[in-house]
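Reader: I am new to this structure and would like a close look at one part of it, the largest pocket. Could you take me through what lines that pocket, where it sits, and what surrounds it?

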Amino acid sequence: MKTLNRKLEEELHQNIVSIVSLGGGCIGNANKVTVKDGTNYFVKQYLNSKIHFAEANGLNELKRTNTIRIPEVIKVNKDFLILEFIESASKSKNFSNKFGRQFAEMHKTHNPKFGYVEDNFIGSTTQKNLPESDSWTDFYFQNRILFQYKLVEKNGYANSELKSGISYLGQNIDKILNGSEEPPTLLHGDLWGGNYITDEQGNPCLIDPAVYFGHREADLAMTKLFGGFDSVFYQAYNEAYPLKDGWKYRENIYKLYHILNHLNLFGSGYLSQALSLINSYR
């Protein structure tokens with residue numbers, strides 16, 4: 001069996017000088033790999049090799065917008081994902097303003113339908129992007145909320161209150177999202193404080209996407225869940241691409257998708273938060 005070093009050397013056509021572990025999470029590992037000519041690479045290895053391809057496709061999709069820094073995909077196969085290594089500097093003076101405006105520009109990339117050409121992943125959970133849909137409310141409820149809820153049931157975390165709440169949302173989602181209609185927008189899909197870095201000049205760079213074409217309010221709602229974004233970011237975004245009235249009211253239903261996913265990934269500690277988000281509409 002070939003070692004990681006050997007496989008990497010064959011892909012990069014250079015001898016490896018060093019491999020330094022950068023840690024990782026519960027679904028994979030990351031390493032800084034330096035080759036003989038001094039070039040550094042960021043190498044990711046997921047337990048589920050399908051994530052290598054899904055992440056590479058997502059990064060390339062975002063990169064095609066030419067709006068915000070995205071790491072270049074060097075190589076991808078079942079063994080690893082090789083990306084350019086970005087040396088992070090301190091945030092530039094106008095970091096949040098630039099980030100907000102660039103993110104808004106990225107959101108001006110549209111598609112005829114909601115969804116994506118393939119299913120991908122949100123963490124280690126499958127993110128259901130197919131079939132694509134003309135209706136955002138149908139797509140969001142079926143492919144995001146209901147899909148996650150069925151996993152919650154399967155994992156044994158559902159109770160009668162959650163079941164009732166999901167049923168209520170299904171009956172009322174058209175009313176909740178009424179007035180927010182927009183064309184399908186390219187989303188990062190999983191933007192929290194840990195999924196952006198700074199580049200060599202201290203400018204924003206997006207990493208670890210879960211892309212699909214959806215409603216941009218869903219992307220922004222995710223940024224509110226775990227912190228990491230200041231008021232300048234949101235002000236700059238809204239100046240560049242103003243949100244429709246009522247966006248704050250709709251925030252919780254978009255947060256719910258990610259909280260249900262956390263319930264599935266990390267357990268019952270997220271149940272009360274999921275119920276609170278649902279009950280904000282009752």
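Author: Sorted by class, the residues that line the largest pocket of this predicted model comprise 25 that are nonpolar, 15 that are polar and five that are charged. The lining is made up of 45 residues in total, and those that lie nearest the centre of the pocket are Ile 27, Lys 44, Tyr 46, Asn 195 and Asp 208. The space inside this largest pocket comes to about 1,100 Å³.

Several strands and helices take part in the lining, each with at least two residues: the strands are β1 (16-25), β2 (28-35), β3 (40-46), β5 (81-84) and β6 (120-122), and the helices are α2 (50-63) and α8 (247-266).

As to where the pocket sits, the protein is divided into domain 1, which covers 4-84, and domain 2, which covers 94-280. Because residues of both domain 1 and domain 2 appear in its lining, the largest pocket lies between them.

The two domains also meet directly, and that contact helps to place the pocket in its setting. The centres of domain 1 and domain 2, taken over C-alpha atoms, are separated by 26 Å, and the contact draws 19 residues from domain 1 and 24 residues from domain 2. About 1,700 Å² of area is buried between the two domains, with carbon and sulfur atoms giving 69% of that area. On the side of domain 1, Leu 62, Ile 68 and Arg 69 together supply 35% of the area that this domain buries against domain 2, which is more than any other three residues supply. Arg 69 also forms a salt bridge with Glu 200, in which the closest N and O atoms are 3.0 Å apart. Across the interface as a whole, three salt bridges are found.

For comparison, the second largest pocket holds about 160 Å³ of space. Its lining takes at least two residues from each of α6 (216-223), α7 (231-240) and α8, and α8 gives the most, with four residues. Among the residues that line this second largest pocket are Glu 217, Leu 220, Tyr 234, Trp 247, Arg 250 and Tyr 254, and by class the lining divides into seven nonpolar, one polar and four charged residues. The helix α8 is thus named in both linings, since it supplies at least two residues to the largest pocket and four to the second largest.

Methods
Residues are numbered from 1 along each chain as its sequence is written. This is a predicted model: local features need pLDDT of at least 70, side-chain atom pairs count only at pLDDT 80 or more; totals for chains, interfaces and linings use all residues. Side-chain values use heavy atoms; hydrogens and water are left out. On a 1 Å grid over the protein atoms alone, a cavity is a set of points where a 1.4 Å probe fits but cannot get out, and a pocket is an open set with protein on both sides within 12 Å along at least five of seven lines; lining residues have an atom within 4 Å of a point. Grid points are joined across faces, edges and corners, and a volume is the space filled by probe spheres set on the points. Ala, Val, Leu, Ile, Met, Phe, Trp, Tyr, Cys and Pro count as nonpolar, Asp, Glu, Lys and Arg as charged, and the others, Gly among them, as polar. Domain bounds come from an automatic or database domain assignment. Contact means heavy atoms within 4.5 Å. Buried area is the accessible area (1.4 Å probe) that two parts lose on being put together, summed over both. A salt bridge is a side-chain nitrogen of Lys or Arg within 4 Å of a carboxyl oxygen of Asp or Glu.
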